[in-house]
Amino acid sequence: MRQSRTPETFRVKSFGCQMNVYDGERMAELLADKGMRAAPEGEEADLVVLNTCHIREKAAEKVYSDIGRLVKAGGDKPPMIAVAGCVAQAEGEEIMVRAPGVGLVVGPQAYHRLPEMIDRVARGERAADTDMPADAKFAALPQRRRAGASAFLTIQEGCDKFCTYCVVPYTRGAEISRSFKDLLREAEILVEAGARELTLLGQNVNAWTEGDLGFDGLIKAIARLPQLQRIRYTTSHPNDVTEGLIRAHAEVPKLMPYLHLPVQSGSDRVLKAMNRSHTADSYLRLLDRFRAARPDIALSGDFIVGFPGETDAEFEATLRLVDAVGYAQAYSFKYSPRPGTPAATMDGQVPREVMDERLQRLQAALNRDQLAFNRACVGKTCEILVERKGKRPGQWLGKSPWLQSVHFEGEPAIGDLLTVEIVGAGPNSLAGKSAERRAP
Ligand code: 5AD
Ligand code: SF4
């Protein structure tokens with residue numbers, strides 16, 4: 001059986017948020033460092049890592065069906081299966097019992113131990129590690145070697161906010177900030193490896209702190225890397241926004257005019273039941289301050305419809321908030337009960353049909369605003385960062401400062417900054433005509 005010898009090839013499948021994508025990249029680097037090769041597209045791998053997400057929907061069920069599929073497809077030579085990520089953290093023990101095909105289960109704070117766990121599985125054991133040590137993981141990971149034009153850098157993990165619907169404080173643990181020194185080093189390495197844009201990641205990215213230094217201080221320090229052209233960050237919490245961060249949007253040209261600031265609902269009663277500790281009005285006032293600092297800032301957010309007890313009138317308040325903001329882009333979800341969270345056992349669970357209808361109405365409003373935002377760009381000239389080739393020959397894809405995808409034709413190199421004129425706009429992307437190139 002393939003399972004009981006050391007795997008030579010691997011595949012990491014990441015689901016969910018950008019932090020999982022980052023973790024997936026780091027796991028792949030770790031496995032490559034151990035001497036394994038990434039399995040080519042279309043070929044079966046000796047080791048499959050399912051890097052799972054637990055935030056919404058039937059994540060756990062999906063994992064079990066993925067495991068079943070892998071075991072079946074492998075026939076008498078099934079791959080070694082590793083379950084990583086937040087489902088592993090939340091359901092580690094249960095996975096081991098329910099899915100004998102799984103060799104190892106590893107939580108998001110323990111994946112630096114993958115190599116030794118793989119060795120144990122190769123010796124015929126099964127291994128589980130869902131410990132949550134603070135900050136040990138990053139020190140144990142190999143140095144980064146490759147980066148695209150745009151790279152992720154996790155600066156902060158975990159969450160202390162305990163929104164009543166959310167599983168993150170339980171799966172990712174308490175808020176921790178990675179050290180300034182380590183972050184600056186990793187940022188330098190990513191830039192040397194080709195990154196021209198860094199997206200700083202964290203569940204509450206703007207809660208990052210070290211001593212007297214706040215998140216804005218970190219942004220300013222990273223902005224000093226000469227080859228680096230752009231900085232982004234996600235996801236922010238309204239309560240951790242400081243005057244310094246708002247000012248950074250006015251003072252740091254490399255900080256892109258984009259803000260993802262989840263609000264979840266426009267109703268103060270629902271926000272209170274969610275334990276969000278901000279009101280619709282305090283959120284709007286915060287956005288006003290960002291807009292005063294950086295008038296062209298593109299705003300994004302997250303919404304949940306059908307939180308337990310949400311009435312029609314409360315949902316209408318969410319639509320009013322959307323109208324007041326005019327988001328450039330946003331994410332919206334139906335409430336999904338997470339076992340173990342306070343909201344899962346609250347009275348007034350909203351019927352599925354009601355949630356469906358509310359989500360449709362909300363998304364229609366958000367799509368309308370997104371298209372309006374994109375259309376307002378037509379005729380403007382802006383700088384785009386070239387990320388990759390497009391689908392059609394001669395076509396390339398880059399990102400505008402406001403995070404829109406821009407298609408254009410030309411002969412650029414990945415990582416170039418080009419000035420383009422926006423000549424067309426759709427709901428999800430812009431068309432550009434390239435004008436001139438600025439060597440980074
Ligand atoms: N149900 C639906 N959406 C959720 N989110 C978090 N937990 C849940 C849940 N139980 C959404 C929030 C959050 C985003 C990452 O996912 O909008 O901001
Ligand atoms: Fe979850 Fe709230 Fe923390 Fe965001 S702030 S990760 S929604 S608990």
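Contact, as the word is used for the packing of helices and strands below, means heavy atoms within 4.5 Å of one another. The structure to which this applies is a predicted model, and the account starts with one of its helices and then follows the chain through several loops.

Helix α12 has 14 residues and reaches 20 Å from its first C-alpha to its last, close to the 20 Å expected at 1.5 Å a residue. Its buried residues are E314, F315, A317, T318, L319, L321, V322 and V325, and these pack against α10 (268–273), α11 (280–293), the strand β15 (298–305) and α13. Immediately beyond the end of α12, G326 adopts a positive phi of about 70°.

The packing of α12 (residues 312–325) with α13 (residues 352–375) can be described in detail, for the two helices meet at an angle of about 10° with their axes 10 Å apart. Because of that angle, α12 counts as roughly parallel to α13, the cut-off for that term being an angle under 35 degrees. On the α12 side the contact is made by D312, F315, E316, T318, L319, V322 and D323, and on the α13 side by R358, R361, L362, A365, L366, R368 and D369. By class, the residues of this contact divide into 6 nonpolar, 1 polar and 7 charged.

The loop between α10 and α11, two of the helices against which α12 packs, contains N275. This residue has a phi near 65°, which is a positive value in a residue other than glycine, and with a relative accessibility of 37% N275 counts as partly exposed. A comparable description applies to L403, which is found in the loop between β18 (395–399) and β19 (405–409): its phi, near 70°, is positive although the residue is not glycine, and at 33% relative accessibility L403 counts as partly exposed.

The residues around ligand 2 include R276, together with H237 and a series made up of C159, K161, F162, C163, Y165, C166, V168 and P169. This shell divides into 7 nonpolar, 1 polar and 2 charged residues.

The loop between β13 (230–234) and α9 (243–251) holds T235, and a cis peptide bond, with omega about 0°, joins T234 to T235. V241 also has its place in the loop between β13 and α9, and with a relative accessible area of 15% V241 is buried, the cut-off for that term being under 20%. Leaving aside neighbours within four places in sequence, V241 is in contact with N206, I246, L261, L286 and F290. The C-alpha atoms of V241 and V205, which stand 36 residues apart along the chain, are separated by 10.0 Å. In helix α9 itself, the buried residues are G244, L245, I246, A248 and H249, and they pack against α8 (215–223), β13, β14 (258–260) and α11.

Between α8 and β13 lies another loop, in which L228 is found. At 0% relative accessibility, L228 counts as buried, and its contacts, leaving aside neighbours within four places in sequence, are V191, A195, R196, E197, L198, I222 and K254. The C-alpha atoms of L228 and A149 are 9.9 Å apart, while the two residues are 79 residues apart along the chain.

Helix α1 (residues 18–33) completes the tour; with its 16 residues α1 reaches 23 Å from its first C-alpha to its last, close to the 22 Å expected at 1.5 Å a residue. Buried in α1 are M19, N20, Y22, D23, G24, R26, M27, E29, L30 and L31. D33, which also belongs to helix α1, counts as partly exposed at 44% relative accessibility, and, not counting residues up to four places away in sequence, D33 touches P142 and R145. From D33 to Q395 the separation is 362 residues in sequence and 35 Å in space, C-alpha to C-alpha. Just after α1, G35 takes a positive phi of about 100°.

Notes. Residues are numbered from 1 along each chain as its sequence is written. Chains are lettered from A and ligands numbered from 1 in the order in which they are written. This is a predicted model: local features need pLDDT of at least 70, side-chain atom pairs count only at pLDDT 80 or more; totals for chains, interfaces and linings use all residues. Side-chain values use heavy atoms; hydrogens and water are left out. Axes are lines fitted to C-alpha atoms, for helices over the stretch in contact, and angles run from 0 to 180 degrees between N-to-C directions. Helices (H or I, at least four residues) and strands (E, at least two) are DSSP runs, numbered from the N terminus. Angles under 35 degrees count as roughly parallel, over 145 as roughly antiparallel, 65 to 115 as roughly perpendicular and the rest as oblique. Ala, Val, Leu, Ile, Met, Phe, Trp, Tyr, Cys and Pro count as nonpolar, Asp, Glu, Lys and Arg as charged, and the others, Gly among them, as polar. A residue is near a molecule or strand if one of its heavy atoms lies within 4 Å of it. The expected span of a helix is 1.5 Å times one less than its number of residues. Buried means under 20% relative accessible area, exposed over 50%, partly exposed in between (1.4 Å probe, protein chains only).
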